[in-house]
Amino acid sequence: MIEYKNILTTCPYCGTGCAFNLQTLDGRIVGVLPAKKHVISEGGLCIKGWNAHDFVYHKDRLTRPLIRKDGQLAGSSWEEALTLVAGKFSQIKAESGPDSIGFLSSAKCTNEENYIVQKFARAVIGTNNVDHCARL
Amino acid sequence: MTEPKIIGFLCNWCSYRGADGAGMARLKYPPNVKIIRVPCSGRISPELVLRSFREGADGVMVLGCHIGDCHYSTGNHRTAKRMPVLKKLLEYAGIDSERLYVNWVSAAEGEKFAAVIKDFTEKIRALPPFTETMKSRKQKLAEMKQTEKEVEWTSA
Amino acid sequence: MDKRINDLGQIIEKILPEVDGVLGLKTGPGGIVAPHLFVKERPEELELMAIWPKEPLPSVIRLIQQAHPEAKLAVVCRGCEERGMVEMFKHAQLNLNNVTLIGLQCTQEEAEFCRCAEPFTVHAKMIVGQPIEGVADPLTEKIAAMSQPEKLAFWKEEFSHCIKCYGCRNICAQCFCNVCALEDETWVQTGHLPMGNPSMYHLVRAMHMTAKCVACRECEETCPVGIPIAIHFRLIARDVKEMFNYETGAVIDQKPPQLLVLEEGDYERTGLPH
Amino acid sequence: MNEKKQARVGVYVCHCGSNIAGVVDVVDVAHWAANLPNVVVSREYKFMCSSLGQELIQKDIQEMGLNRIVVASCSPQLHEATFRNACDRAGLNPYLFEMANIREQDAWVTSDKTEATKKAKALTAAAVSRVIHQEPLEALLVPIESNVLVVGGGIAGIQAALEIADSGNHVYLVEREPSIGGHMAQFDKTFPTLDCSACILTPKMVNVGNHKNITLLTWSEVEAVDGYVGNFTVTIRKKARYVDESLCTGCGVCQEKCPKRVIDEVFEAGLGYRKAIYTPFPQAVPNYPVIDRENCTYFLKGTCKACEKFCEPGAIRFDQKDETLAVKVGNIILATGYDLFDARRVSNYGYGRLPNVFTSLEFERLTNAAGPTSGNVVLRDGKTTPKSVGIIHCVGSRDKNFNNYCSVICCMQGLKFAHLVHERTGATVYNFYIDMRTAYKAYDEFYQRVLEEGTLFVRGKVAEVTDAARYSNEKGKLIIQVEDTLAGKQRRIPVDMVILSSGLQARADSKEVAQKFGISCSADEWFIEKHPKLDPVATMTDGVFIAGACQGPKDIPSSVAQGAAAAARVMSIIGQKEIQIEAATAIVDEENCVGCQQCMAVCPYQAILYLADKGKAHVNEALCKGCGTCAGACLPKSISLKHFTDLQLVSEMVGAMQTMKDFETISAEVAA
């Protein structure tokens, strides 16, 4: 069976909130179509939205965490990576204080994820050094 | 008064040889046209012409073999189909379509070549410089401010 | 309720078992309409079938056919989409033998929205709705009538708004190339806004649309800054008809003029010197 | 990209004595060019094309490690090859050289010295800007197959085949009819010497039939042609003869015994008969008969087989089938000849309606001793000798309603007929002509001879031939209505017989044949030669030559000359053993090609193939002539022409534009 359908989603790049349909063919994303009746984007997109699907199957896309060991990046498990990061954060915070750490969040995250990042910075680490590119 | 800058795309077999013929006959014509040799006028894509304008050319010439005399038999038929459409497009975009000149000059027509160059250079000379006409209002405003500043600076 | 939806639904229902899929439109979440391939395994989806706003179905059918070259497909197409598919067929991008066309005639209102001169299908075997006369495009006429400096001023203003989203190219069913001259620095300067004058992007694109544009207006619709891009294409289409007697999508086995040598009388109509 | 960064350009500005230096300040140009990007050295020299000038370049390449060379001098048409060779000798790929034409296109055409110097700088800068992006190219060498295909066994084809076969190369001679000989075999006498046509043709035909280097394929047609110069594969269909050639002795008994008589429309022009099994004429080569399936009683009704019964060697094969064979050849000569203009089309001359109006070919058969009347010139009734004969020239030629061109042979043919009629019947002969065209050796002398014999000449185009008599002297006669333009009056001339000197026209299937062989036809459907003056037997397709009347109307001497000329051209190619293919060919970027096939449609040489499995275009480099029309047409620029890439041309243009803009700024500053 050939399966072609469109899945409505919101552009992840900036705060405008344009919508588009992700075209999927046999379970793979094959393109973007602007959503004509959408109240915000009204069928238009900027160059970022038009290429929003490009990274999904990109050969350079990271699909698991990498840790630099002996000067070489090597694949590892989430468990190991998170343990390492948590350890380093605690270590730096203990040595140099919370303001020695800053957080940059991503436009590719959802609003909720960005909320969690700032919450993590303020409540867990204890710093106001938070910024992101999603406030465009 | 700035001199018009003109790019000429000439086919290797007829028009370029016609241009050489004008030289051998020591026919004088204005130096404004800089000639680029292509194997056939059919090689000249519309993009090449547009890019020349974008680069600031005041006029572009496309010269090839007469229809029926093409060294490659039907290469210049493509020229005869593309260039009229490009001329129309220039017109619709508000650009004087006379800035693109298409004609056929054979290897034997040195005199015609010299005449064609003279005519076209004169025609382009009568038009305002291309880059001037293409400037947006913002650019013009910025330039005016620039001159004002310079004037202030020199008077001070 | 538009009677055409019922009629179309019946036709699709009838042919659904015979084909691998029927490409049409479906209403999705939030009332957003998007292309959808109806299949016999899920006939209930036809409940959500929609016909407006139109979407660039020719590019979608090409996408599906390239992944499934042997599939028997059907597609709901309006006049413009049908013309688009014919042009794609001429450029070896679509195998029309494996595609059944289900024609959908546009209403007066739809034609006016698209400023469409030919809102009807002619090649489709099954047709829904009654054909109507096309409407004239007042904007094209207005611009055609402008003086040269007025035209230049108009386009300078319009193109100064362009944000180079490449949306007009992306949405265009006739822009099926793998790589695009508009992304090549040899032709189009990258990283500069507003774009320079003359606009390489728009003029090169207009040349590429010669004898290809089928007046579907998708590019104008998707333009976030509302540039009436297709006007250049439409004006050139008139010249192509006049000079080389070619209309996009009209005759399936007529080759585009740029692929043929000059015919008797062609040269005289080009206005080139003798 | 790296390579371009490392481009080390040498610029050489030529004085050309005072030819350039008299107008352009060459020293200034050379100094100025030294500051252009990537330029390592910039020199001027008296004569760059001299051996000392060339050595200068070679020395710099070797000592300074130059990898790009620009010479600003005369036209590349003159010395591009000279400097390319110099580069080659110094170990630099010749395609890394570029020329700026500052003589023919600058010094010689510009009066103002300052302007000429500026232009020289702009042209040099353009060349430097271009050469940086040039890439090394290698010309392809392909071996040449020495076998040759000659299509058409008329006099032109016979001549070509014999010349090549005598040189020791093998020839496949393909002829559509059962015998070679062509139109010439049908003629009785040849102008202006009046030799008997068969007497001079037959020895050549026999020679072809016996030649060890000629494979004669009559009753055969070319089906398909594949490949390119040096490497053609030709598919030939050998039609079934229903006669075993290895057994047939050519005794002719079968033709005697065959009970079926058929009107011979081809060889006898409808005036005579042949059998259902036949050779077109007694001297046919090869002498094996052919069974005409459409008229043979056995094939029609299933019984008869008279020929089989009487054939002693048992050579009749009713079950023979068409055979297809493929041959490898390196060159092809087309000598497919002409069709006679169908005189029926000029309805006012009455051919086909008025029995005593004859075509030229019919008359040739009438006068031929081996023809249907044994050489007696008689009217259609087969017995009456005409007392007056009108010969009309330019039938179908030089006529806006039919063919615009002059058919070349009709004037001399008309004169020959006048002489023969006079000689055989003593009738009064009238020749009606528009202009008398008797160019070439001994032709006009023949005209004078016919004049002296008393033939009457009327200058004017005949309006009508009719049998509607107005006056008593016209009763039972054919009346020729003509405006005598010399006397300035209308005349009605009653005659017994009218001969139409029909023109020649291209073969009905010439377009189809041209397409098969990848050559082109003119509007009149004659094959087009490569150059009308300087290359009359070559075509735009390398390895395909044309000879004789297939290129345009021609008489026998010209056809023979062309046959020999085409043979000489072919032998010159064979002698090269291998052939160099243009290096600057088109190339497809397969990854980016979308397979829209536009390039294939615009290619004048069918050099681009479509790889259906990949959905991509592919260039056959051996067929590509490097015109670049495909590159001009490709929208995504996935096909490009080597040595004339977009980047190279744009760089050249930008180099020139930038220099012009720089001078503009300088002059503006100077003015301020």
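**Note on the chain contacts and aromatic pairs of a predicted model**

1. Across the interface of chain D and chain B, the rule finds 16 residue pairs in polar contact, with both residues at pLDDT 80 or more; the threshold applies since this is a predicted model. On the side of chain D that touches chain B, at least two residues each are supplied by α4 (76-89), α5 (103-107), α6 (113-131), α17, α18 (629-633) and α19 of chain D. The largest share of that side, 11 residues, comes from α19(D), and the residues of the side divide into 23 nonpolar, 13 polar and 10 charged.

2. The extent of this interface can be given both in residues and in area. The contact takes 46 residues from chain D and 45 residues from chain B, and the area buried between chain D and chain B is about 3900 Å², with 59% of that area given by carbon and sulfur atoms. Among the four pairs of chains that touch, chains B and D have the most contacts.

3. How many salt bridges are counted between chain D and chain B? The count is five, and one salt bridge with chain B is formed by Lys661(D), whose partner is Glu55(B), with the closest N and O atoms 3.8 Å apart. A reader who inspects that pair should keep in mind that the criterion is a nitrogen-to-oxygen distance within 4 Å, so the 3.8 Å of Lys661(D) and Glu55(B) falls inside the cut-off.

4. The interface of chain D with chain C should be read separately. Here 17 residues of chain D are in contact with 15 residues of chain C, and the area buried between the two chains is about 1400 Å², of which carbon and sulfur atoms give 64%. On the side of chain D, the residues that lose the most area to chain C are Val594(D), Gln598(D) and Leu635(D), which together account for 38% of what that side buries.

5. The polar component of the interface between chain D and chain C consists of four residue pairs in polar contact, with both residues at pLDDT 80 or more, while the count of salt bridges between these chains is zero. Of the elements of chain D, α17 (598-602) and α19 (646-671) each supply at least two residues of the side that touches chain C, and the largest share of that side, three residues, comes from α17(D). The residues of this side divide into eight nonpolar, five polar and four charged.

6. Two pairs of chains have no contact at all. No contact joins chain A and chain B, whose closest C-alpha atoms lie 23 Å apart, and none joins chain A and chain D, for which the closest C-alpha atoms lie 17 Å apart.

7. Over all chains, the count comes to 28 aromatic pairs. In chain B, the rings of Tyr29(B) and Phe113(B) have centres 5.4 Å apart and planes at 80 degrees, so this pair is edge-to-face. The pair links distant parts of the chain, since Tyr29(B) lies in the loop between α1 (15-24) and β2 (33-38) of chain B, whereas Phe113(B) lies in helix α4 (residues 110-125) of chain B, 84 residues apart; both Tyr29(B) and Phe113(B) are buried.

8. Which geometry does the aromatic pair of Tyr166(C) and Tyr201(C) have? The pair is edge-to-face, with 5.0 Å from centre to centre and 85 degrees between the planes. Tyr166(C) lies in the loop between α6 (148-160) and α7 (167-171) of chain C and Tyr201(C) in helix α8 (residues 200-208) of chain C, so the pair ties together parts that are 35 residues apart in sequence. Tyr166(C) counts as buried at 9% relative accessibility, and Tyr201(C) is likewise buried, with a relative accessible area of 2%. In chain D, one aromatic cluster is formed by Tyr242(D), Tyr298(D), Phe299(D) and Phe318(D).

9. Helix α1(B) is mostly covered, eight of its 10 residues being buried; among the buried residues are Tyr16(B), Asp20(B) and Gly23(B). Just after this helix, Arg26(B) takes a positive phi of about 55 degrees.

10. Ala72(D) lies in strand β3 (residues 68-73) of chain D and is buried, with a relative accessible area of 0%. Its C-alpha atom is separated by 6.1 Å from that of Cys14(D), although the two residues are 58 residues apart along the chain. Leaving aside neighbours within four places in sequence, Ala72(D) is in contact with Tyr12(D), Val13(D), Cys14(D), Ala100(D), Ile102(D) and Thr124(D).

Note on methods: Residues are numbered from 1 along each chain as its sequence is written. Chains are lettered from A and ligands numbered from 1 in the order in which they are written. This is a predicted model: local features need pLDDT of at least 70, side-chain atom pairs count only at pLDDT 80 or more; totals for chains, interfaces and linings use all residues. Side-chain values use heavy atoms; hydrogens and water are left out. Contact means heavy atoms within 4.5 Å. Buried area is the accessible area (1.4 Å probe) that two parts lose on being put together, summed over both. A salt bridge is a side-chain nitrogen of Lys or Arg within 4 Å of a carboxyl oxygen of Asp or Glu. A polar contact is a pair of N or O atoms within 3.5 Å; within protein, one must be able to donate a hydrogen and the other to accept it, and residues adjacent in sequence count only if both atoms are side-chain atoms. Helices (H or I, at least four residues) and strands (E, at least two) are DSSP runs, numbered from the N terminus. Ala, Val, Leu, Ile, Met, Phe, Trp, Tyr, Cys and Pro count as nonpolar, Asp, Glu, Lys and Arg as charged, and the others, Gly among them, as polar. Rings of Phe, Tyr and Trp (its six-membered ring) pair if their centres lie within 6.5 Å; planes under 30 degrees apart count as stacked, over 60 as edge-to-face and the rest as tilted. Buried means under 20% relative accessible area, exposed over 50%, partly exposed in between (1.4 Å probe, protein chains only).
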